[in-house]
Amino acid sequence: MNGTLSWTINQSGGACGFEGQSQWQQWNYSNFQYTPQGGSSLPLSGSAVSFDSPGGNCPPNGGITTTIGNIPTAVGIYAINFTSEPGGDGYGTPVQTGATEVLNPAYQVVSIIYSTPGNTSSNGFTDTTSNGTTTTIGNSFANGSSITFTHGFSLWGFAHMSVSATGGNSNTSLNSSAFTESFTDASGMSNESKPQDSNNIDHSQDQIAIWLNPQVTVTGINGIPEYYSVSVQPTADGSNPGADIVTISANVMEANADGVSTVPQTWLNPQTYTDPDTGQLVTLPGLAAICKNLNVDEYKAGQCTLADQCGCTPTDFAPILAQDALLYYNGSQNPLDANNSPPSVCGTLPTPAGSDCRYVPVPEVTGSTVQEVKPLSGPDSSNSNYSCDSFQQGENTNTVNTLGGSSSQSVGVSVTAGAFGFHLTVANTWTWTQQQSTGTANGTGVTQQVNLCSNTTGCGEQIPIFEDTLYHTFVFMGGSSSCP
């Protein structure tokens, strides 16, 4: 621990001894603050006192050692044994009071990129490149998503802890209200898979971003968890790679007519790329790593096939698909139908406070009661070229309300280090809960690049824009008779 300890002094004094002939002084220490190198000041609880008296015994001369803190760090929680000295001086000695437990959840769903109307349309984060089929998340990706977690039930005496995160790592104090997780080294993701004979929205083409190497470090005092951090699992050789995100379309994780999934083998197998900074070959998990009945030898050899799925089944992917509330709405093109509150409520601008609305209209300008729409159009004749309406859609463009809804996903988890003396998991599962913040998005969220276009002659309609307030990505409605 390197940093600066500061405090406020309040001086007083009095008389003691025979007939009050001895004068003494007292220094009261309060408002302790610890400032780590390059960090922000952290207020600490506790107080101290020191005395200076001529005889040394009325009151006793000198200072008193007291414990102040606690200070969360990446390796544990520390208190400070503070020794005061006459004159208002003093010094502190850090003492570790907390232990850590390291858990490796199998995955976390971090975003959904929704399919667009228009048979040549696209939508996504496309400003940078990706490493093969592995997408490393970054500061232009999912910035604004609110994430908390529970571990199955309330062994801790509270339902969940929340956290403020930056750069993929995070710290928190107990029971803070919500958190925004952002990442570095963004790589592009784009949803361009469209059936060429239809302009309708096909949510089976939605792209789901899955983080395959998250790590959670929980730190507590006397067996009681106090805060946690979210980071990336190190590789077997001890290196620290980026977050391993694969983006998979929903339809290949769903059961086909034969009742099996059809995830391409390049996504199932371990992902390998060359680190541009070190030149070293880095191997990260493939999607098959999350499957219950994984063929381990085949997977480790990188020989999973499309036909055998390395032992994966649609059941393994069902919790992932459950995060997309628009998948199974019987062909409805209206995102409002997927909300728990009625469409008449969720479609109102501004959306009434307290409504359970995951999907809400985006206003055409900040504060407007009119929903934003964008044109989808095709060529005038079969001999004409088509053009796209291209735009950036983001919370830095228009403001929407977020309403506090949540969605949970339970995943397998392994414990790699622990010192609490009790289990932080239930039946070897860990539950991530995606939690909306409550209030107003104010321009700090994601920006997506959207292209709306069709090669269908005479196609022309206005596309209403919605936001998924859970993942802070954008959703569309279409499907008029003019654009079949």
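Biologist: Into which classes do the residues lining the largest pocket divide, and how many are in each?

Modeller: The lining has 17 nonpolar, 14 polar and two charged residues. Here Ala, Val, Leu, Ile, Met, Phe, Trp, Tyr, Cys and Pro count as nonpolar, Asp, Glu, Lys and Arg as charged, and the others, Gly among them, as polar. This is a predicted model, in which local features need pLDDT of at least 70 and side-chain atom pairs count only at pLDDT 80 or more, while totals for chains, interfaces and linings use all residues. Residues are numbered from 1 along each chain as its sequence is written, and side-chain values use heavy atoms, with hydrogens and water left out.

Biologist: What makes a space a pocket?

Modeller: On a 1 Å grid over the protein atoms alone, a pocket is an open set of points with protein on both sides within 12 Å along at least five of seven lines, whereas a cavity is a set where a 1.4 Å probe fits but cannot get out; lining residues have an atom within 4 Å of a point. The largest pocket holds about 870 Å³, a volume being the space filled by probe spheres set on the points, which are joined across faces, edges and corners.

Biologist: Which residues lie nearest the centre of the largest pocket, and what gives the most to its lining?

Modeller: Of the 33 lining residues, Pro105, Ala106, Leu212, Ala289 and Ile290 lie nearest the centre. Strand S28 gives the most, with five residues. Helices (H or I, at least four residues) and strands (E, at least two) are DSSP runs, numbered from the N terminus, and the chain has five helices and 33 strands.

Biologist: Why does asparagine 269 count as buried or exposed?

Modeller: Buried means under 20% relative accessible area, exposed over 50%, and partly exposed in between, using a 1.4 Å probe and protein chains only. Asparagine 269 has 8% relative accessibility, so it counts as buried. For the chain as a whole, 49% of its 484 residues count as buried.

Biologist: What does the side chain of asparagine 269 reach, and at how many Å?

Modeller: The side chain of asparagine 269 reaches the backbone nitrogen of glutamine 303 at 3.2 Å, and one of its polar atoms lies 2.9 Å from the backbone oxygen of glutamine 265. A polar contact is a pair of N or O atoms within 3.5 Å; within protein, one must be able to donate a hydrogen and the other to accept it, and residues adjacent in sequence count only if both atoms are side-chain atoms. Contact in general (heavy atoms within 4.5 Å) also joins asparagine 269 to residues including Gly286 and Tyr299.

Biologist: Why does serine 341 count as buried or exposed?

Modeller: Serine 341 counts as buried because its relative accessibility is 13%. Its side chain reaches the backbone nitrogen of aspartate 356 at 2.8 Å.

Biologist: What is the phi of asparagine 31, and what is that of glutamine 309?

Modeller: Most residues other than glycine have a negative phi, and most peptide bonds are trans. Asparagine 31 has a positive phi of about 55 degrees, and glutamine 309 also has a positive phi of about 55 degrees. Asparagine 31 counts as exposed because its relative accessibility is 53%; glutamine 309 has 3%, so it counts as buried.

Biologist: Where is the peptide bond with omega near -10 degrees?

Modeller: That bond runs from leucine 349 to proline 350 and is cis. Proline 350 sits in the loop between helix H5 and strand S24 (359-361).

How values were computed:
Lists of a residue's contacts leave out its neighbours within four places in sequence.
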